[in-house]
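This report is meant for someone meeting the structure for the first time. Please look over the sequence and the model before reading on.

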Amino acid sequence: ASESPKKNWSINDFEIGKPLGKGKFGRVYLARESKSKYIVALKVIFKEQIEKYRLQHQLKREMAIQTSLRHPHVLRLYGWFHDAERIFLILEYAHGGELYGELRRAGYLSEQQAATLNREIEVDFGYIASLTHALAYCHEKHVIHRDIKPENLLLDHEGRLKIADFGWSVQSTNKRHTMCGTLDYLAPEMVENKAHDYAVDNWTLGVLCYEFLYGVPPFEADSQADTFRRIMKVDLTFPSTPHVSTEAKDLILQLLVKDSAKRLPLDKILKHPWIIMNADPNG
Ligand SMILES: O=C(O)Cn1ncc2ncnc(NCCc3cnc(NC(=O)Nc4cccc(Cl)c4)s3)c21
């Protein structure tokens with residue numbers, strides 16, 4: 001019989017492979033759907049954890065948001081199912097794992113890798129450019145991710161970036177007040193728990209751009225209080241090593257702006273000299 005698109009999956013439909021990683025709420029496993037042999041990542045979330053942290057609505061919102069998103073740089077959520085004590089997310093498998101690993105191994109990325117297209121091998125290593133395209137897509141679908149950080153940036157088998165984990169994202173109709181996201185990537189208005197909007201993702205792009213090029217986030221400090229203080233003051237300094245171009249610093253300075261309305265909009269990022277000059281390696 002032809003399978004209805006909304007097949008109700010169960011764990012018996014999958015052969016479970018190696019663990020890919022463990023998150024706060026459960027592990028992720030490599031898995032294969034038995035009939036189609038299709039490879040997926042299966043995230044196992046324990047219901048008692050979701051109940052304990054009252055995250056039911058957040059998880060439901062993620063599923064609603066994720067099923068409506070289709071973009072080459074957004075990790076797919078194909079579907080989900082549950083049993084007595086667990087919820088399973090059927091996710092696109094990102095063979096390259098977390099960008100975090102690459103960043104930690106390399107220490108920091110070349111401007112070429114960080115900025116944009118690397119035409120020679122026709123693979124888009126440009127993390128900032130891909131992120132900007134993906135965020136522009138999410139924003140036009142009124143979705144703010146709010147938790148963009150290297151751990152949530154995955155790479156597929158060709159090294160293409162995939163934004164993952166919309167566990168903190170929201171369908172933005174009006175200004176949001178929920179406190180979320182990790183420390184280093186929080187925009188000032190979120191640190192101050194003020195109303196925030198799409199522009200939080202623009203701030204985070206600036207934080208990531210800095211981290212890709214210097215290997216550490218811009219407001220890193222020994223204590224949470226110091227990191228908050230540095231974010232609120234936009235206490236930004238550029239180390240002299242590694243050498244980073246003036247254009248890259250200019251883009252970072254146009255994104256790490258306290259007034260969210262004054263941050264460089266996503267469409268202007270793609271036209272920024274640093275992105276353009278890195279677009280053509282022969283340029
Ligand atoms: O496993 C790794 O550590 C890395 N890794 N390596 C390869 C790979 N391929 C695919 N996915 C990976 N990881 C899962 C990424 C996620 C996507 N979406 C998520 N959503 C979520 O966790 N939601 C959620 C959870 C608990 C509560 C609530 Cl409210 C929401 S997690 C992969």
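What follows describes the ligand and its surroundings, then the pocket, and finally two details of the backbone.

The model is a predicted one, and the description begins with the ligand. Its shell is made up of 24 residues, and the closest among these are V28, K43, E62, E92 and A94. Sorted by class, the shell around the ligand holds 15 nonpolar residues, together with 4 polar and 5 charged ones. Several elements contribute to this shell, since at least two residues each are supplied by the strands β1 (14-22), β3 (39-46), β5 (86-91) and β6 (97-98) and by the helix α2 (56-67).

Three contacts between polar atoms of the protein and the ligand are set out below.

| Residue | Protein atom | Ligand atom | Distance |
|---|---|---|---|
| A94 | backbone N or O | nitrogen | 2.9 Å |
| E98 | polar side-chain atom | oxygen | 3.4 Å |
| D165 | side-chain N or O | nitrogen | 3.3 Å |

Taken alone, the ligand would expose 680 Å², and the protein buries 93% of that area. A94 thus appears in two ways, as one of the closest residues of the shell and through its backbone, an N or O atom of which lies 2.9 Å from a ligand nitrogen.

Where in the protein does the ligand lie? The space that the ligand takes is the largest pocket, whose volume is about 1100 Å³. This pocket is lined by 37 residues, and those nearest its centre are G23, K24, K43, N152 and D165. K43 is also listed among the closest residues around the ligand, while D165 has a side-chain N or O atom 3.3 Å from a nitrogen atom of the ligand.

The lining of the largest pocket consists, by class, of 18 nonpolar, 9 polar and 10 charged residues. At least two lining residues come from each of β1, β3, α2, β5 and β6, and the largest share, 4 residues, is that of α2. These five elements are also the ones named for the shell around the ligand, where each again supplies at least two residues.

Two features of the backbone complete the account. The peptide bond that leads from T241 to P242 is cis, with an omega near -5°, and P242 is found in the loop that runs between α8 (224-233) and α9 (246-255). H142, although it is not a glycine, has a positive phi of about 60°, and this residue lies in the loop between α5 (127-140) and β7 (143-144).

How values were computed. Residues numbered from 1 in each chain as written. Predicted model: local features only at pLDDT ≥ 70, side-chain atom pairs only at ≥ 80, totals over all residues. Heavy atoms only, no water. Near = heavy atom within 4 Å. Polar contact = N/O pair within 3.5 Å; in protein donor to acceptor, adjacent residues only side chain to side chain. Areas by Shrake-Rupley, 256 points an atom, 1.4 Å probe, with all protein chains shown as cover. 1 Å grid on protein atoms, 1.4 Å probe; cavity = no way out; pocket = protein on both sides within 12 Å on 5 of 7 lines; lining within 4 Å. Sits in = over half its atoms within 2 Å of the grid points. Nonpolar A, V, L, I, M, F, W, Y, C, P; charged D, E, K, R; others polar. Points joined across faces, edges and corners; volume = space filled by probe spheres on them.
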